[in-house]
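Subject: Structure for you to look through

Dear colleague,

I am handing over a structure that I would like you to open and turn around on your screen before you read my notes. Please keep it in view while you go through what I found, which follows directly below.

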Amino acid sequence: MKKSKLPLIENLEIIDIASKGMVIGKDNDRVIFVKGLVPGDIADVQLIRKKKSYFEGVPVNIRTYSKFRTEPFCEHFGDCGGCKWQHMLYEAQLKFKEKQVKEQLLRIGSLTFPDPEPILPSEKIKYYRNKLEYSFSDKAWFTKEDIESGKEFNVTKALGFHAPGRFDKVLQIAKCYLQEEPTNLIRNFIHNYAVQNDLSYYNPKTHTGLLRNLMIRITRKSEVMVVLVVSEFSQEIESLLTHVRDDFPHIDSLMYIVNTKKNDSIFDLDVELFSGRPTITEELDGLEFKIGPKSFFQTNTLQTETLYHEVEKMTKTDTTKHIYDLYSGTGSLSLYLARNAKKVTGVEIVEEAVNDAKINAEINGLSNLSFFAGDMRYVLSSAFIKKEGKPDIIVLDPPRAGVHKDVIRRVVDVLPEKIVYVSCNPATQARDISLMEDAFKIKKVQPVDMFPHTHHVENIVLLEKK
């Protein structure tokens, strides 16, 4: 039986934001999720998919433009999967991020809390990232405008970002506004050289092709690291790296990684130094950090200072306080807090990150830190706490998935004076805090915008023992 075509909804008013850069409209009892619009837009929307409790649609005609709209500054907007809110005024982005935090704490956690503080905006809304990762693909993603133009495509290779929802297609990026130069110059040079010299690009379906990934890091000290990931090291790759080194002599660290696996993870692979130094140096509020190709570090350095300053204010720590920094990464927040604490104990599952943390503590002359590698569920035992000492304050800064419930139980059992929960996902943060609510009370909520032009928002919650 042939499915009936879904209707066109005329004059649909967009009333709110949703997850993953989508927005919401309502037509009678129908909830409709749409891409590419802004709250306040009124548009004709073609429904394309019916789900159990909602519909998905695409705009075909915008009848009234929202007061929150602005002109996107990037030529790749709408085709690239990043910066999905670039068509929304930055002040409006902040407003909706604040709203998102409040709603998720209420809806998901059913929490009682004071009104969130005004969101802290990012000082830079362009060129704010210190790290970008690109993919090579022999299957370039051509936009609708490209195809409708009727032009012939002599090159089907692309170096850039994956097209939305496509693991096998990559959009060729001419200029990205996320990272300062020489990022675009280096990336375009590598792509042009590879195309001119007929170097093969990776195909994720057949797992063939020489060039796989490219990582570029740039620090506030203007130090540059370039890491090329290839399926094998050959004379062709050596020649390419030689040309990169000679044309960009200001690259401080030029490296390559051979990856023969089917996934793109590099954390279990050896890194080879082609020229320069094995690390570059980042500076964060007077602290220095050695950054390697596998280092974990907040990608918006300038706004990280704002974030850490807020955490420090919430801890109100002094030289009598012992802090546990759980999910401590490379120890950047641990070091920041250690300057005004008796002791900081960091726990992190990734051993390489723990090794980096120890090196960074030594570089900065801080001896009141201890770092431990392992799964938080097993490290944070009664024996560990007895040996290291009971914490006065616990800082939680987990990945997007949040904190395991066994860890939450252990944290509640420890019953510190304060918990400062830093999260890049207010939804899982709300879920986790609801499991602590019997023992702790929320005293402050502080959203921070780390990633302008995206729906992502960082949130800090201060909890105090009841």
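Let me begin with a single residue, K131, which is found in strand 6. Please keep in mind throughout that the model is a predicted one. Is K131 buried or exposed? Its relative accessible area is 16%, and since buried means under 20%, K131 is therefore counted as buried. If we leave aside the neighbours within four places in sequence, the residues in contact with K131 are Q179, M215, I216, R217 and T299.

From K131 you can move outwards to the sheet around this strand. The sheet is open and has seven strands in the order 8-7-6-9-10-11-12, and the pairing within it is mixed. Its edges are formed by strand 8 (170-172) and strand 12 (271-276), each of which pairs on one side only. From one strand to the next, the twist averages 30 degrees. Strand 6 (residues 131-137) and strand 7 (residues 158-162) run antiparallel and are joined by three bridges, and if you look for S137 you will find A158 of strand 7 standing opposite to it.

Helix 3 packs on this sheet, where it touches strand 6, strand 7, strand 8, strand 9 (211-218) and strand 10 (224-230), and its direction makes about 160 degrees with that of strand 9. Helix 4, in turn, lies across strand 9, strand 10, strand 11 (253-258) and strand 12, and it runs at about 40 degrees to strand 12.

These two helices also meet each other, and it helps to know how such a pair is described. Two packed helices are described by the angle between their axes and by the distance between the axes. For helix 3 (residues 183-196) and helix 4 (residues 235-247), the angle is about 140 degrees and the axes are 11 Å apart. Helix 3 and helix 4 are therefore oblique to each other, and helix 3 passes helix 4 in a right-handed crossing. On the side of helix 3, the residues that take part are F189, I190 and Y193, and they meet S239, L240, H243, V244 and D247 of helix 4. Sorted by class, this contact has five nonpolar, two polar and one charged residues.

A second sheet deserves a look of its own. It is a closed barrel of five strands that runs 1-2-3-5-4, again with mixed pairing. On average, and with direction ignored, neighbouring strands of this barrel are turned by 50 degrees against each other. Strand 1 (residues 8-17) pairs with strand 2 (residues 23-27) in the antiparallel sense over three bridges, and here D16 has I24 in strand 2 as its bridge partner.

Further along the chain, you may want to find strand 15 (residues 322-326), where five of the five residues are buried. Both of its faces are covered, with H322, Y324 and L326 buried on one side and I323 and D325 buried on the other. Strand 15 is joined by five bridges to strand 16 (residues 343-348), and the two run parallel; in strand 16, G346 is the bridge partner of D325.

Helix 7 (residues 351-363) is the place of A353, a residue that is buried, with a relative accessible area of 0%. Apart from neighbours within four places in sequence, A353 is in contact with F296, G329, T330 and E348. R377 is 24 residues away from A353 along the chain, and the C-alpha atoms of the two are separated by 18 Å.

Finally, please look at helix 11 (residues 426-434), which is mostly covered, as seven of its nine residues are buried. Among these buried residues are P426, A427, Q429 and A430, and what covers the buried residues includes helix 1 (90-107), helix 10 (405-414) and strand 20 (440-448). Helix 1 packs against helix 11 at an angle of about 35 degrees, with the axes 8 Å apart, and their crossing is right-handed. In this contact, V101, Q104 and L105 of helix 1 meet P426, A427, Q429 and A430 of helix 11, and by class it has five nonpolar, two polar and no charged residues.

With best wishes

Conventions. Residues numbered from 1 in each chain as written. Predicted model: local features only at pLDDT ≥ 70, side-chain atom pairs only at ≥ 80, totals over all residues. Heavy atoms only, no water. Axes fitted to C-alpha atoms, helices over the stretch in contact; angles between N-to-C directions. Helix = DSSP H or I, 4+ residues; strand = E, 2+ residues; numbered from the N terminus. Parallel < 35°, antiparallel > 145°, perpendicular 65-115°, else oblique. Left-handed = near helix turned anticlockwise from the far one by under 90°. Contact = heavy atoms within 4.5 Å. Nonpolar A, V, L, I, M, F, W, Y, C, P; charged D, E, K, R; others polar. Pairing = 2+ DSSP bridges. Buried < 20%, exposed > 50% of the residue type's maximum accessible area, 1.4 Å probe, protein only.
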